[in-house]
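Biologist: I would like to learn how to read a residue's surroundings and a sheet in a model of this kind. Could you take me through both?

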Amino acid sequence: MSADRGAPPTLARHGERVRIHVPSQADVPPYRRAVLASQERLRPWNPVNPGDLAYHLRMQSEVHRTFLIRALESTGNHDIVGKVNVTNIVRGRALAATLGYDSYDPYAGTGLFTEGLRLVVDLAFDAPPWGMGLHRIEASTQPGNTRSAGVLRALGFLPRGDWPGFLWLGDATGRDAWRDHITYGVMREQWPAPPYAARVPARPALLLLVPTAQQVQVPRPLALARAAAVELGVSVVRDDEESDPSGSQLQRCLGDAVSGVVVLSAREPQRLLDRVFDAGFSSPVVAALASIAGAADIVRLALQARAGAGVSDP
């Protein structure tokens, strides 16, 4: 919904169920309550700091704008649906910015945050003085943060690229590391953009069998498994049946292998296949590691695994 052109120019919008505005000091207490109520859900993906609104208030400028999304009908002890930073704003010939955002309980999952983020993008693309006059907006999410990616797809943001080690962030356990991200973006001439469903990637699976569990840790089998993984562009899972007789750890690793997998295993073939099928792989290729004589065999098996997953190679 566009701003009233007869009203004084302010960076604010009203929608059907939410409104957005630039925060003030009066918003600090409800913001703190919103973050505290959502910290367990947010912590695996973003830093949690109930006091950081004061920082963003100090940072408000032509290169950093913060917006709060407020529910028109509140639930619980606050009405803050989410916070959106439009930051790293570049003027000149780029007119570009990056979005950073959090949604807050109890409103997460209700669609209110998506409505509010749409209003923020409307405002960012709108011409001054009622908007920010931007041409391109991007946002990045970690690969496992499917809810965040779903919000961006709902607004028509398209994938722009993968960035290994993109941001230094903690996880749910507090362990900091450089986290991979996928960047999405949209341009003014594409807005409003149509939503689209998630692309379900092909998941090739190559199961390499060795006679004993000890060989799962031996350098040559590992080297061959890694060469096959490089050919497929997937990860290697070493299935140590001695330490994981039930296969539960293997099952978790297979479930996390969203783009495919090479499994090096001494497990009985049918038991291994049962685990692979349970993890959603449809047509895994099984081969004895002893049958691999060199690079030509690795390429052949990789092509078979890709074909089994429905990938057409030229």
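Biologist: Which residues does His56 touch, not counting residues up to four places away in sequence?

Modeller: Contact means heavy atoms within 4.5 Å, and on that basis His56 touches His64, Thr66, Lys83 and Asn85. The model is predicted, so local features need pLDDT of at least 70 and side-chain atom pairs count only at pLDDT 80 or more, while totals for chains, interfaces and linings use all residues. Residues are numbered from 1 along each chain as its sequence is written, and side-chain values use heavy atoms, with hydrogens and water left out.

Biologist: Is His56 buried or exposed?

Modeller: Buried means under 20% relative accessible area, exposed over 50% and partly exposed in between, with a 1.4 Å probe and protein chains only; His56, at 7%, is buried.

Biologist: How is the open sheet of four strands ordered?

Modeller: Strands of a sheet pair through backbone hydrogen bonds, either parallel or antiparallel. Two strands pair if DSSP finds at least two bridges between them, and strands (E, at least two residues) and helices (H or I, at least four) are DSSP runs numbered from the N terminus. Here the order is E10-E11-E9-E12, with parallel pairing. Strands E10 (235-239) and E12 (285-288) stand at the edges, each with a single partner strand, so one side of each lacks a neighbour in the sheet.

Biologist: How many bridges join E10 to E11?

Modeller: Five bridges join E10 to strand E11 (residues 261-265), and the partner of Arg238 in E11 is Leu264.
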